[in-house]
Amino acid sequence: MVIFTRDLKWCPTFDKLKNLILNDYWCMGPSFDALSCILKHSPVLEKLSLHLFKVYENCWLDVLLKLSFHYSILLMFLVSQGLRANVKMKGSYSSMERSSVISEHLKVVDVKCSVVDENVVEVLKFLCTLNIRFCFV
């Protein structure tokens, strides 16, 4: 992670980037260096989407292989019924005071996750320091 943080100093400016989707890899605390760097170097960004899904939530095969046949069938049924929650939040600036980190063109920040855990809360807190406020969609 030290090399990655050091390399962020050489990040190019994305002059034409208007829409950006990032996964949880780019949203790691505690200082959110990668996310801050991308935001600083995207001067015309209009929409930011954060997909904060854990990797293990999409790896059902390993779980199914370790369970007995009957439990595997039950788990597959529950997943097929949409038992996993999908949480969507939409954010926007709450005041006229803009952070120097974010593009003046940024209108919408979407956050999608399967559950609001500690990591998601930390990302939301960081974005709130940039005067972005969220509501559930």
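A nonpolar surface patch is built from residues that have over 30% relative accessible area and no salt bridge, with nonpolar side chains joined when they come within 5 Å. In this predicted model, V116, V121 and F136 make up one such patch, and together they offer about 270 Å² of accessible area. F136 sits in strand β5, which covers residues 132-136. With a relative accessible area of 60%, F136 counts as exposed, because the cut-off for that label is over 50%.

Stepping back to the whole chain, the protein has 5 helices and 5 strands. Walking along the sequence, these elements come in the order α-β-α-β-α-α-β-β-α-β. The protein is 137 residues long, and 33% of them count as buried. Its accessible surface adds up to about 9200 Å², and carbon and sulfur atoms account for 62% of that. Take the contacts between residues at least 6 apart in sequence: 76% of them join residues at least 24 apart.

Now for the inside. The largest nonpolar core holds 27 residues, and L35, L48, L50 and L127 are the ones with the most contacts within it. Elements giving two or more residues to this core are β1 (19-23), α2 (33-40), β2 (47-51), β3 (87-93), β4 (108-113) and α5 (118-128). Helix α5 supplies the largest share, 5 residues. As for L35, setting aside residues up to four places away in sequence, its contacts are L22, W26, C27, L48, L50, F126 and L127.

Strand β4 has pairing partners in both senses. It runs parallel to β2, with 5 bridges joining the two, and L48 is matched with V109 of β4 in a bridge. With β3, strand β4 pairs in the antiparallel sense, again over 5 bridges, and here M89 has V111 of β4 as its bridge partner.

K112 is another residue of β4. It is partly exposed, with a relative accessible area of 30%. Although 63 residues separate K112 from S49 in sequence, their C-alpha atoms are 7.7 Å apart in space. Beyond its neighbours within four places in sequence, K112 is in contact with L50, H51, L52, F53, V87 and K88.

What about charged pairs? The whole structure contains 3 salt bridges. One of them joins K47 to D110, with the closest N and O atoms 3.4 Å apart. This pair ties together distant parts of the chain, since K47 belongs to β2 and D110 to β4, 63 residues away. D110 also forms a salt bridge with K90, and there the closest N and O atoms are 3.3 Å apart. Here the link runs from D110 in β4 to K90 in β3, 20 residues apart in the chain. D110 has 10% relative accessibility, so it falls under the 20% limit and counts as buried. Both lysines are partly exposed: K47 has a relative accessible area of 34%, and K90 has 37%.

The remaining salt bridge is between the side chains of K125 and E122, at 3.6 Å from N to O. Both residues lie in helix α5, 3 residues apart, which is about one turn of the helix. K125 is partly exposed at 48% relative accessibility, and E122 is partly exposed too, at 38%. Through shared partners, salt bridges join K47, K90 and D110 into one network.

Terms used:
Residues are numbered from 1 along each chain as its sequence is written. This is a predicted model: local features need pLDDT of at least 70, side-chain atom pairs count only at pLDDT 80 or more; totals for chains, interfaces and linings use all residues. Side-chain values use heavy atoms; hydrogens and water are left out. A nonpolar core is a set of buried Ala, Val, Leu, Ile, Met, Phe, Trp, Tyr and Cys residues joined through side-chain atoms within 4.5 Å. Buried means under 20% relative accessible area, exposed over 50%, partly exposed in between (1.4 Å probe, protein chains only). Helices (H or I, at least four residues) and strands (E, at least two) are DSSP runs, numbered from the N terminus. Contact means heavy atoms within 4.5 Å. Accessible areas come from the Shrake-Rupley method with a 1.4 Å probe; for residues, only the protein chains shown count as cover. Two strands pair if DSSP finds at least two bridges between them. Patches are made of residues with over 30% relative accessible area and no salt bridge: like charges are joined within 9 Å, nonpolar side chains (Val, Leu, Ile, Met, Phe, Trp, Tyr) within 5 Å. A salt bridge is a side-chain nitrogen of Lys or Arg within 4 Å of a carboxyl oxygen of Asp or Glu.
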